[in-house]
Amino acid sequence: AFLLLVLFHAEYGLNLHGIDAVHFFGRALECTGIGFLVGVIGMRKLAHKVSPILTYTPSFLLISCGLYGVFQATPGWNYPLMSALGFGGGLVLGRAGTYLVAAADVGMRGRVVSVRVVALAAAMLTTLLTMTEAGFSAAQIQGIILWMPRLLFLSLPLVFALSWIIDIAIH
């Protein structure tokens, strides 16, 4: 859904059309992907050394600030904010993946990872189909763009509480 919103923002928010919108979208994917890769690799290395409170809460903060900044900032600032957004997402998925693999039996780890990938793909496909086939107007999509970061900000206390519970359960 984020990528569809980036395309919408490029066209309506930044008034980019044609090849300019394609270049903006390509750079957005690159920056988000680099941040995501750094977040996943870093979290895989640090997952057993750092408390969940110190990973989940900052990662949701990075994601929400990144989303807010991507859709509100000038085009020059969009790319570093997209990297921060990807980094936050990588921290969350890297930490969750580490927990899943550690909790599974050795013989079941491949199946657990494949079920996780299928669930992630199904969630993404459902979201994309909903966004593209629901027939949202430009005003509704603009409302989604404005409310996504706010909802993540509002979820921060819940994320902190749940990560504290996970931290207590681990230690």
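The following exchange between a student and a tutor works through a predicted model of a protein.

Student: How many helices and how many strands does the protein have?
Tutor: Read from the N terminus on, the elements of the protein run α-α-α-α-α-α. The count that goes with this order is six helices and zero strands.

Student: What is the radius of gyration of the protein, and how does that value sit beside the globule rule?
Tutor: Taken along the principal axes, the C-alpha atoms fill a box of roughly 50 × 30 × 25 Å. For 171 residues the globule rule gives 16 Å, and the value for this protein is close to that, so the protein is as compact as a globular protein of that length. The radius of gyration is 17 Å.

Student: Among contacts between residues at least 6 apart in sequence, what percentage join residues at least 24 apart?
Tutor: As background on packing, 33% of the 171 residues count as buried. For the contacts you ask about, between residues at least 6 apart in sequence, the share that joins residues at least 24 apart is 77%.

Student: What distance does H2 reach from its first C-alpha to its last?
Tutor: Helix H2 has 28 residues, and at 1.5 Å a residue a span of 40 Å is expected. The model comes close to that expectation, and the reach of H2 from its first C-alpha to its last is 40 Å.

Student: Which residues of H2 are buried?
Tutor: An α-helix has 3.6 residues a turn, so residues three or four places apart point the same way. With that in mind one can read along the buried residues of H2, which are Ala21, Phe24, Phe25, Ala28, Cys31, Thr32, Gly35, Gly39, Val40 and Met43.

Student: Which residues touch the most other members of the largest nonpolar core?
Tutor: This core has 24 residues, and the elements that give two or more residues to it are helix H1 (2-13), H2, helix H3 (53-72), H4 and helix H6 (138-170). The residues that touch the most other members are Val6, Phe24, Phe71 and Met82.

Student: Leaving aside neighbours within four places in sequence, which residues is Val6 in contact with?
Tutor: One partner of Val6 is Ala28, which lies in helix H2 and counts as buried at 4% relative accessibility. Ala28 in turn touches Val6, Tyr79 and Met82, again not counting residues up to four places away in sequence. The full set of contacts for Val6 is Phe24, Phe25, Ala28, Phe71 and Met82.

Student: Which residues form the aromatic pair, and what kind of pair is it?
Tutor: The structure holds one aromatic pair, formed by Phe24 and Tyr79, with 5.8 Å centre to centre and 50° between the planes. Phe24 lies in helix H2 (residues 19-46) and Tyr79 in helix H4 (residues 75-103), so the pair ties together parts that are 55 residues apart in sequence. Phe24 is buried with a relative accessible area of 2%, and Tyr79 also counts as buried, at 19%. The pair of Phe24 and Tyr79 is tilted.

Student: Why is Cys65 not bonded to Cys31, and how many disulfides are there?
Tutor: The sulfur of Cys65 is 17 Å from the closest cysteine sulfur, in Cys31, which is too far for a bond. As for their surroundings, Cys31 is buried, with a relative accessible area of 18%, whereas Cys65 counts as partly exposed at 37%. The number of disulfides is zero.

Student: What separates the C-alpha atoms of Arg44 and Thr98?
Tutor: Arg44 has its place in helix H2 and is partly exposed, with a relative accessible area of 40%. Leaving aside neighbours within four places in sequence, Arg44 is in contact with Gly94, Gly97, Thr98 and Arg116. Although Arg44 and Thr98 are 54 residues apart along the chain, their C-alpha atoms are separated by 6.5 Å.

Student: Which residues does Val50 touch, not counting residues up to four places away in sequence?
Tutor: Val50 is found in the loop between H2 and H3, and at 24% relative accessibility Val50 counts as partly exposed. The C-alpha atoms of Val50 and Arg27, 23 residues apart along the chain, are separated by 32 Å. The residues that Val50 touches are Thr55 and Arg95.

Student: Which residue just after H5 takes a positive phi?
Tutor: Helix H5 covers residues 109-133 and reaches 36 Å from its first C-alpha to its last. Just after H5, a positive phi of about 75° is taken by Gly135.

Definitions and conventions
Residues numbered from 1 in each chain as written. Predicted model: local features only at pLDDT ≥ 70, side-chain atom pairs only at ≥ 80, totals over all residues. Heavy atoms only, no water. Expected span 1.5 Å × (residues − 1). Phe/Tyr/Trp six-rings, centres within 6.5 Å; stacked < 30°, edge-to-face > 60°. Buried < 20%, exposed > 50% of the residue type's maximum accessible area, 1.4 Å probe, protein only. Disulfide = S-S within 2.5 Å. Core = buried A, V, L, I, M, F, W, Y, C linked by side-chain atoms within 4.5 Å. Contact = heavy atoms within 4.5 Å. Rg over C-alpha atoms; globule rule 2.2 N^0.38 Å.
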